[in-house]
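Reader: I would like to learn how to read a ligand site and a chain interface from a set of coordinates. Could we take them one after the other?

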Amino acid sequence: DPAVIFDLGGKFDKSFNEAAFTGAQRWAEETGGSFAETEITSDAQREQAIRRFAEDGYNPIVMAGFSWGTPLATVAADYPDIKFTIIDSVTDAPNVRSVVFNEHEGSYLVGMLAAMASEDGTVGFIGGMDIPLIRKFACGYAQGVLAVNPDATVIANMTGTTPAAWNDPVKGSELTLGQISQGADVIYAAAGGTGVGVLQTAADQGVYSIGVDSNQNYMQPGSVLTSMLKRVDNAVYDAFSAGTDVEVGLQVMGLDNDGVGYALDEYNEELITDEMKAAVEEATAQIASGELMVHDYMSDETCPALDF
Amino acid sequence: MDLLALFDIAVLDGTVRLAVPLLLACLAGLFSERAGVFDIGLEGKMLISAFFAAAVSFETGNVWIGLFAGIASSVVLSLLHGLASITFRGNQLISGVAINFFASGITVIAAQAWFGQGGRTPSLSGDARFDPIVFPGALTKIREIMKADWGMKVYSELLSGHTIIAYAAIFIVPLVWWVLYRTRFGLRLRAVGENPGAVDTAGISVQRMRYSAVIICGVLTGIAGAYLSTGIQAGFVREMTAGRGYIALAALIFAKWRPWYALGATLLFGYLQALAIRPDILERAIGIKVQTQVLDALPYVLTVIVLAGFVGKAIPPRAGGEAYVKER
Amino acid sequence: MNDIAPAIELKGISKAFGPVQANKDISIRVRPGTIHGIIGENGAGKSTLMSILYGFYKADSGEIWVNGKQTEIPDSEAAIAAGIGMVFQHFKLVENFTVLENIILGVEDGFLLRPSLSKARRELKSLADEYGLNVDPDAVIEEIGVGMQQRVEILKALYRRANILILDEPTGVLTPAEADQLFRILDRLREEGKTIILITHKLREIMDITDTVSVMRRGEMTATVKTAETNPQELAELMVGRKVLLQVDKIPAKPGDVVLDVQHLDVTDNQGVHRVKDVSFNIRAGEILGIAGVAGNGQSELLEVLGGYRKADGKVLVNGQEIDLSSKADGQDRRRAGISHVPEDRHREGLILNFSAWENTAFGYHMDERYQKNGLIMDNAAIIRDTAEKMERFDVRPPNPMLAAKNFSGGNQQKIVVAREIERNPDILLIGQPTRGVDIGAIEFIHKQIVALRDQGKAILLVSVELDEIMSLSDRIAVMFDGKIMGERLPHETDVNELGLLMAGMQRETA
Amino acid sequence: MQKIPNWADVVLVPLISLLLAAIISAIVLLIIGQNPIEALGILITGALGTSTNLSYTLYYTTNFIFTGLAVAVAYHARLFNIGAEGQAYIGGLGAALACLYVPWPHWTIALIGAGATAAIFGAAWAAIPAYLQAKRGSHIVITTIMFNYISYPLLNYLLNGPIKAEGMEAATPSFASNTHLPNLSEVLGFFGIEFARTGPANVALIVALIACVGVWALIWRTKLGYETRAYGESEPAAKYAGINPTKIIMVAMLISGGLAGMMAINNVMGEAERLVLNAVEGAGFIGIAVALMGRNHPFGILLAALLFGALYQGGAELSAEMRIPREMVTVIQALVILFTGALDNMVRMPIEKIFLMIRNNKEAN
Ligand SMILES: Nc1ncnc2c1ncn2[C@@H]1O[C@H](COP(=O)(O)OP(=O)(O)OP(=O)(O)O)[C@@H](O)[C@H]1O
Ligand SMILES: Nc1ncnc2c1ncn2[C@@H]1O[C@H](COP(=O)(O)OP(=O)(O)OP(=O)(O)O)[C@@H](O)[C@H]1O
Ligand SMILES: [Mg+2]
Ligand SMILES: [Mg+2]
């Protein structure tokens, strides 16, 4: 049987881990198979969690989150017969598949949508904890905004510097109000549970918000402009489906293979005009073909469009 | 440099919103500690109330019932604290730590068992939530307020548009002051925190006084928690109190266990927190761009500076932290 | 006389604190309108018995009859309702409240304070007029002297309409003048028909004012006698179970060189109050200088300066060497200079109540060579041995070095402190209130030790509010008032009256 | 005389309290539809069942010993150090800098050198609150809370920038292998004892045990410890005895911060072998509970740390095996803290009565 291990945020984090869980469940529903799962409570438990499943014979074992990179690198060699999939990090081993996402590309698209939806040319970004990954989101987003409107202002805030920043909707609300009073009328939240407060306050104040990771359009219908999708669910689903034959090596999930994207559904169809759609589709094609390069913050830890 | 920017209406407005839960929790702690029962469990009580207020509001569709449930849950934890520290003369600090752990865990478990949404409640809407009270003629949307003139800004943003709990909190400070210093109950309460022996020999039950104080503490933290999940938010998220109980405790010591000072201390904390989410204003005021990390540390650094420079020694209620034992 | 019901009758009261039997089958009758004394050694169970009567403790068995009716007194509320008031040995006042607030606490008239306060203010005035109990109703307790505080306690009881008043060691902290005044008040109360139970260690007080007296020993009531039919010597023997010397007997001093020379000492405390004003005196080897004075007139500060934990201006010479009076000096420096110090308040300063006796014996001398092993580690075994010896020599009961200080009776606690300081063989002994709250057996013993130390040629500075003690121990007497030394007298050339006047800030001529 | 024999106080009362905590936990489990008996089994085997599991238990125990001792040392001077969390975090920074930038020849030297650096960093972080308490009277509870909150952004800044390794994570590079501490299997292997090769427990456990003995000796055998306890019991008495309050406050807090900082030997040097964000993971706060439950005595702290280590590890297995939300562990911990630490008299009082009855009966006969 396959197994999935979630990161510290827990499987119900309304975004990243939850997406992994959704993918695993979809697989279970479709195939009738069963899978094992576990949540950890401490960094020290990572190695143990992997080993526990490996010893119990689960295969493949999928782990969600970049922090698994280091422990997996030590453990993988001990279990050459087991296939591992790691999401969001690259581990170089003959029995590991590394799945990374081009979040900057997806964020670029929602950035474009934000710029087009904005009336005043000021948009906001609210990140959770200040870590490189979230800066990657912010940087891609800012590039997308400026691509549509070079004069636009992007206000970026991080909620905090501890894991508590993922679960502080009150501060999320305050940041949202702060950004609105600086003129922002579209706000992208990449902040886990804190985002709940952002989406809520944006709806209360009659401005747009953008969700992240999973499709969060339903959370405040008519107010969430779109959601930046990071199809972790697909990555898990694919790994589970492939079973022990899972292809090892690096797999980049980008716009070209539906790894990232933006959400369009009944909740926001009236918000996204055809022009917006067209512009975004065009950019998608350009990015997929390599014609348009979105700068990845992680590549050199700088961002041409935004200061941190 | 534009120091006036520091008094931006939006920041002041945020100050009010952020100070309200701190103030309520701080006054809650004031009752308890003035009666001689130290309480580091404010955080946990706020959290459990935030959960039950949101959960029951959602189920009943009536935020007042939710508020009541939140208060009830917080009072239950208060009574537990009372049982441990008053009846069984246990260590008050340990009891408080336990309550914080308990609330942190049980809210998620209960939310998961109840709603299956990963330790949070569904979003609240309509009557399941405290709506802002809008003054006549006041604007409600920040984007409109921004365009209005100064007077309108103050009226619409700062004065209008808060929830009923926030307005009530304004009256609570004089009320607490009055209860503490002008009523029989207050006299006895203060006495029991200073010298329970005096209260006991005056024919008043020390236990009853302390239990009443602890219950009031539960009610006020309950309101504070409910304010978070049903007032400024529309639902419960795990750990959503995010350390506010500890900050309230710091404010209480800062305020030297006095009600008006508590208002000042919590407003200061609220202000610093509100300012910390506006790097743009800080930049305007001091001319330097400040990083997230600096912003994050700012309220705490300033608190230490204020504490070291201006506040001096705070003398806690003399019998605080100790159980009352007649027969040593 | 048996036809009037006793105001208080206790029948077979027993009370144990865990394994300690504090009261054993105690019965007692107190006639209305009389003053009934209770005496007994430290730890005899006096306070326990009275606390039971006041509903503060609950008896394990026995009955309480008030005015001929059996009365349940489960708590102090019931005691107050039965007309009983009590002034505890350690006052039960809220320190940062005003007098008025303390008085109405528990008997407020309604939910609002204001009316209660103004009513109490009025009533207080009439009580003050009636009994001569003047206090400033708006003074904060921690800012008034103990004598005043005690008045507040009495007023508290009277305000609650107490007919039966219990006073537990009321004069332990009072000056003679204050004590006299208290007794005048008690007299007046007796005339009014009130019943008073008085616990004290001072036989003079018993003889002066009580009508009957009961003696307690080891939890039992050993005798009840009419005061008129007994004498101090008999009472002392009943109490202690052996003959007690009520008079200190000492040979005349043979003073040597000046050991302690204090010149122009000035102390200003943290609040900026000028506590000690230009004080100069000296003490010679083999001499006891007694400082008399009402508590709070600068004696405590004087001791603290000489003890090394309060800074001062002026000059102090010890054996001709000037010592540091700045805040840099500490108690360690003083001990090295040969000064030992028995502080006035053994609970606050002299002892760490939660430390065992042996740890308390090292207290202040924990740096001593002989308490160290290889300079790093404290030699606990050596300290314990030393403590056991001291306890033996000073007859500390129980002689158990491992017992926590809080578990010793007041007298024995004091012996532990005195033993620690005297056995150090200092050049100078500072000793404040050496026998406060201590029973006569222990007083006799401590006085002997002080005199013996003098006879070894040490200089002793004795500070006491007990005039008797000052008179009988001192070779010279200085009186402090308002931070100044009002004058010096020789004990055989003065009397209690003159000293009393000096303590009140008056000279005999001007009086 | 004591009311109950020592063994009853030390063994019987805690055991009954634990039992009560277990019963309430079982009720919670029943309510959420889980089998408490099974859960208890998993909890115990999860904590102690295999040597790997035991290794995890001991790893957490080590953390809690350090923070517990830290809180306790300060508490003996009646200073309530809530800042062990931040001090341990800054200690981690010290250990990381020492390991990254000093070419240690051998792990033993690294253990001493980097361990000392960690202690110094932790102590330095405690020094400012201590100074403010001693000189300005600023309440140490607030200042240490504040210093926790200041340590997080500081480390976040450093780990996102100046000392960040390449890659996704906000973490330092891994330390050179010369600084890697042997784990417990190597240590025990030296004595011929087999132990899990993979668990995180490492020589830091031995350092922690030494620290226990050291703190015990410090508090109950040295002049400094004596002065600290005396000051903690009574400030006026301490002044009378010539004990300098400023010195005691400073020294007690420096030692406290140093002990908290030394936790880095375990989690940073011993386990992660690099510094990651949020490396302390609340151990500083658990240290408060551990110290208070251990009655501020190193031996009690050792036992309490073991208990919490076992709960932490067993609880992790519990949530993995039974699909119980991992917050259940937090609830169980809370109940254990509550019953053994705060409601202990609820158990003790009836037991005292029973013993008194027995005694009286004996005397009557
Ligand atoms: N609160 C208490 N807890 C435990 N034991 C107590 C307590 N109070 C008194 N005892 C015990 O009861 C005995 C009697 O104490 P009590 O206070 O009645 O003595 P006392 O006669 O008032 O002494 P003193 O003259 O020192 O005031 C003591 O020796 C002590 O052993
Ligand atoms: N925990 C205890 N166990 C046993 N006896 C105790 C305990 N605490 C106090 N006592 C005893 O109770 C008695 C009364 O205590 P109290 O507080 O009245 O002090 P005291 O001995 O009267 O001293 P002082 O008169 O100097 O204040 C004393 O004999 C004291 O030793
Ligand atoms: Mg007594
Ligand atoms: Mg006494």
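**The site of ligand 2**

Author: Let us begin with the neighbours of the ligand, bearing in mind that this is a predicted model. There are 12 residues around ligand 2, and those that come nearest are C:Gln89, C:His90, C:Arg346, C:Phe408 and C:Gly410.

Reader: Which chains surround ligand 2?

Author: The residues around ligand 2 come from chains B and C, so the site is shared between chains. By class, that shell consists of eight polar residues, three charged residues and one nonpolar residue.

Reader: Which atoms of C:His90, C:Asn407 and C:Gly410 lie at polar distances from ligand 2?

Author: For a polar contact one looks for a pair of N or O atoms within 3.5 Å. In this site, a polar side-chain atom of C:His90 lies 2.8 Å from an oxygen atom of ligand 2, while a polar side-chain atom of C:Asn407 lies 3.0 Å from a nitrogen atom of the ligand. C:Gly410 contributes through its backbone, with an N or O atom 2.8 Å from an oxygen atom of ligand 2. As for cover, ligand 2 on its own has 610 Å² of accessible area, of which the protein covers 73%.

**The interface of chain B and chain D**

Reader: How many residues of chain B and of chain D are in contact, and how much area do the two chains bury between them?

Author: One counts the residues on each side and then asks what kind of atoms the buried area lies on. Here 44 residues of chain B are in contact with 44 residues of chain D, and the two chains bury about 3800 Å² between them, with 79% of it on carbon and sulfur atoms. Within chain B, the residues that lose the most area to chain D are B:Phe88, B:Ile94 and B:Phe101, which together make up 18% of what that side buries.

Reader: How many salt bridges are counted between chain B and chain D, and how many residue pairs are in polar contact?

Author: The count is one salt bridge, formed by B:Arg238 and D:Glu327, whose closest N and O atoms are 3.0 Å apart. Five residue pairs are found in polar contact across this interface, both residues of each pair being at pLDDT 80 or more.

Reader: Which elements of chain B give two or more residues to the side that touches chain D?

Author: They are α3 (63-87), α4 (92-115), α11 (244-254) and α14 (292-311) of chain B, and α4(B) gives the most, with 14 residues. Sorted by class, the residues on this side of chain B divide into 27 nonpolar, 13 polar and four charged.

Technical notes. Residues numbered from 1 in each chain as written. Chains lettered and ligands numbered in written order. Predicted model: local features only at pLDDT ≥ 70, side-chain atom pairs only at ≥ 80, totals over all residues. Heavy atoms only, no water. Contact = heavy atoms within 4.5 Å. Buried area = accessible area lost by both parts, 1.4 Å probe. Salt bridge = Lys/Arg side-chain N within 4 Å of Asp/Glu carboxyl O. Polar contact = N/O pair within 3.5 Å; in protein donor to acceptor, adjacent residues only side chain to side chain. Helix = DSSP H or I, 4+ residues; strand = E, 2+ residues; numbered from the N terminus. Nonpolar A, V, L, I, M, F, W, Y, C, P; charged D, E, K, R; others polar. Near = heavy atom within 4 Å. Areas by Shrake-Rupley, 256 points an atom, 1.4 Å probe, with all protein chains shown as cover.
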